[in-house]
Amino acid sequence: MKFLFITLSLLALSIASAETISDQVIISNPVIRMVPPGSPNSAGFMKIYNNSNDDLRIIKIESDISRKVELHDVLQENGMMKMRKVDAFEIKSKTTLELKKGSKHIMFINLINPLKEGDKKKVKIHFQNGKSLEIEIPIQKL
Ligand SMILES: [Cu+2]
């Protein structure tokens, strides 16, 4: 019995270290923008500090609040600011990426249910190095 416990805890430890990146990135002020019922889309913002010695690339974000989740940037095109889907967000070593309004952000497209202010939703961030990080983000009015 004791052997089983040790085996299980070792297994849990190895899964955590293989997949999670929580020791390398520090997320602060995460928020999903509260939108009125009937709004098709919302956006997510946060600060992400890369505490590792390597540059990191976010290549995919998953959430079950919407049918699609995209990485967006806001770029100038013919004098107009437009949202565009991008392949990745890059975070240089020891720097902070700020996802914010009018800049890079997470785009939640085709919300499945109306958002409820104060709810927390799980969002999973995938990095190019194969690691990922799951966080809970509160829904707030901005
Ligand atoms: Cu967008």
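Contacts between residues 24 or more positions apart make up 67% of the chain's contacts with a separation of 6 or more. This figure, like the others here, comes from a predicted model. The chain is built from 1 helix and 10 strands, and the order along the sequence is α-β-β-β-β-β-β-β-β-β-β, with the helix ahead of the strands. Of its 142 residues, 18% count as buried.

A good place to look next is the interior. The largest nonpolar core holds 19 residues, and those touching the most other members are M46, I48, I58, I91, L99, I106 and F108. At least two residues of this core come from each of the strands β1 (25-33), β2 (41-50), β3 (56-63), β6 (89-91), β8 (105-111) and β9 (120-127). One of the core residues, I58, is in contact with L71, A88, F89, I125 and F127 once its neighbours within four places in sequence are left aside.

The position of R57 can be followed in some detail. R57 lies in strand β3, and residues up to four places away in sequence aside, R57 touches A88, F89, E90, F127 and Q128. Although R57 and A88 are 31 residues apart in sequence, their C-alpha atoms are 6.1 Å apart in space. Is R57 buried, partly exposed or exposed? R57 counts as partly exposed because 14 C-beta neighbours lie inside 10 Å, whereas a buried residue would need 20 or more and an exposed one would have 12 or fewer. A88, F89 and F127 appear among the contacts of R57 and also among those of I58.

Terms used. Residues numbered from 1 in each chain as written. Predicted model: local features only at pLDDT ≥ 70, side-chain atom pairs only at ≥ 80, totals over all residues. Core = buried A, V, L, I, M, F, W, Y, C linked by C-beta atoms within 7 Å. Helix = DSSP H or I, 4+ residues; strand = E, 2+ residues; numbered from the N terminus. Contact = placed C-beta atoms within 7 Å.
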